[in-house]
Amino acid sequence: MNFVAWAIVACEVGFWLFILAGLLARYIFNQDKLAIWLFIMVPVLDLLLIIVTGTDLLRGGTVTMAHSIAPLYLAISVIYGKDMINWADERFLYYIKRTGAKPYRRVGMDYAKHSMKGSLKHVIAYIVGGLMLIGMLYLAQDDKSQDIIWGTLTTWGIVVIVDNAISISYFVWPRK
């Protein structure tokens with residue numbers, strides 16, 4: 001595994017550690033300001049990942065699948081970050097602290113609308129990450145690197161289409 005791949009792994013581990021630390025600071029130690037700073041560190045990690053990736057490419061590194069995943073990771077984290085923190089927040093309160101309301105299970109049209117909202121966010125993440133990937137094309141000089149970037153864009157595009165098709169299906173066949 002190359003350095004960028006390890007950076008992605010470290011950022012993913014850091015993502016969950018900062019969220020867990022933020023939840024502990026907020027609910028166990030009653031330190032709201034510290035919790036906010038810990039949650040702010042999540043996008044800082046993403047920014048560091050893009051800097052590592054870009055620096056590696058500017059220094060002549062060859063584009064690998066890890067390089068092409070870094071913009072996806074950043075886009076998804078930025079677009080879904082608040083939702084992921086809210087999701088973890090809700091479950092932490094209910095399952096760990098035992099004070100919050102039981103996480104709400106959506107059904108029917110409510111679930112369909114919620115799923116579609118998430119799928120539309122996926123489209124936005126695809127656009128943001130796709131623009132970053134296209135920006136990487138200018139750093140990639142060889143055909144193999146460009147094939148990796150276009151392959152990532154194509155695969156992710158298919159995933160976005162399938163995600164939206166599944167969300168649309170919930171309007172036809174609502175979740176019970």
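At what angle do the axes of helix 1 and helix 3 cross, and within what distance do they come? Keep that in mind while you get your bearings. What you have open is a predicted model.

**Stop 1: the whole thing**

Zoom out and colour by secondary structure. You'll find 5 helices and 0 strands, so to speak an α-α-α-α-α run when you start from the N terminus. Taken along the principal axes, the C-alpha atoms fill a box of roughly 55 × 45 × 25 Å.

**Stop 2: helix 1 and helix 3**

Select residues 3-28 for helix 1 and 65-97 for helix 3. Here's the reply to the opening question: the two axes cross at roughly 25 degrees and come within 10 Å. Angles under 35 degrees count as roughly parallel, and helix 1 and helix 3 are therefore described that way. Turn the view and you can follow helix 1 as it passes helix 3 in a right-handed crossing. Colour this contact by residue class and you get 20 nonpolar, 2 polar and 4 charged residues.

**Stop 3: helix 2 and helix 3**

Keep helix 3 on screen and add residues 32-58, which are helix 2. Do these two run roughly parallel or roughly antiparallel? Their axes cross at roughly 170 degrees and come within 9 Å. Since angles over 145 degrees count as roughly antiparallel, helix 2 and helix 3 are therefore a roughly antiparallel pair.

Now show side chains. On the helix 2 side, pick F39, V42, D46, L47, L49, I50, T53, D56 and L57; they meet H67, A70, P71, Y73, L74, S77 and I85 of helix 3. By class, this contact splits into 11 nonpolar, 3 polar and 2 charged residues.

**Stop 4: helix 2 and helix 4**

Leave helix 2 where it is, hide helix 3, and bring up 108-139, which is helix 4. Helix 2 and helix 4 pack with their axes 10 Å apart, at an angle of about 20 degrees. That makes helix 2 and helix 4 roughly parallel to each other, and helix 2 goes past helix 4 in a right-handed crossing.

Which residues touch here? From helix 2, select I50, T53, L57 and L58; from helix 4, select M132, M136 and L139. In this contact 6 residues are nonpolar, 1 is polar and none is charged. You've already met I50, T53 and L57 of helix 2 at the previous stop, facing helix 3.

**Stop 5: the largest pocket**

Bring everything back and switch on a surface. To find the largest pocket, select D83, W87, R91, R106 and H114, which lie nearest its centre among the 23 lining residues. The space in this pocket comes to about 790 Å³.

Where does the lining come from? Helix 3, helix 4 and helix 5 (143-172) each supply at least two residues. Helix 3 gives the largest share, with 8 residues. Finish by colouring the lining by class: 8 nonpolar, 6 polar and 9 charged residues.

Note on methods: Residues numbered from 1 in each chain as written. Predicted model: local features only at pLDDT ≥ 70, side-chain atom pairs only at ≥ 80, totals over all residues. Heavy atoms only, no water. 1 Å grid on protein atoms, 1.4 Å probe; cavity = no way out; pocket = protein on both sides within 12 Å on 5 of 7 lines; lining within 4 Å. Points joined across faces, edges and corners; volume = space filled by probe spheres on them. Helix = DSSP H or I, 4+ residues; strand = E, 2+ residues; numbered from the N terminus. Nonpolar A, V, L, I, M, F, W, Y, C, P; charged D, E, K, R; others polar. Axes fitted to C-alpha atoms, helices over the stretch in contact; angles between N-to-C directions. Parallel < 35°, antiparallel > 145°, perpendicular 65-115°, else oblique. Left-handed = near helix turned anticlockwise from the far one by under 90°. Contact = heavy atoms within 4.5 Å.
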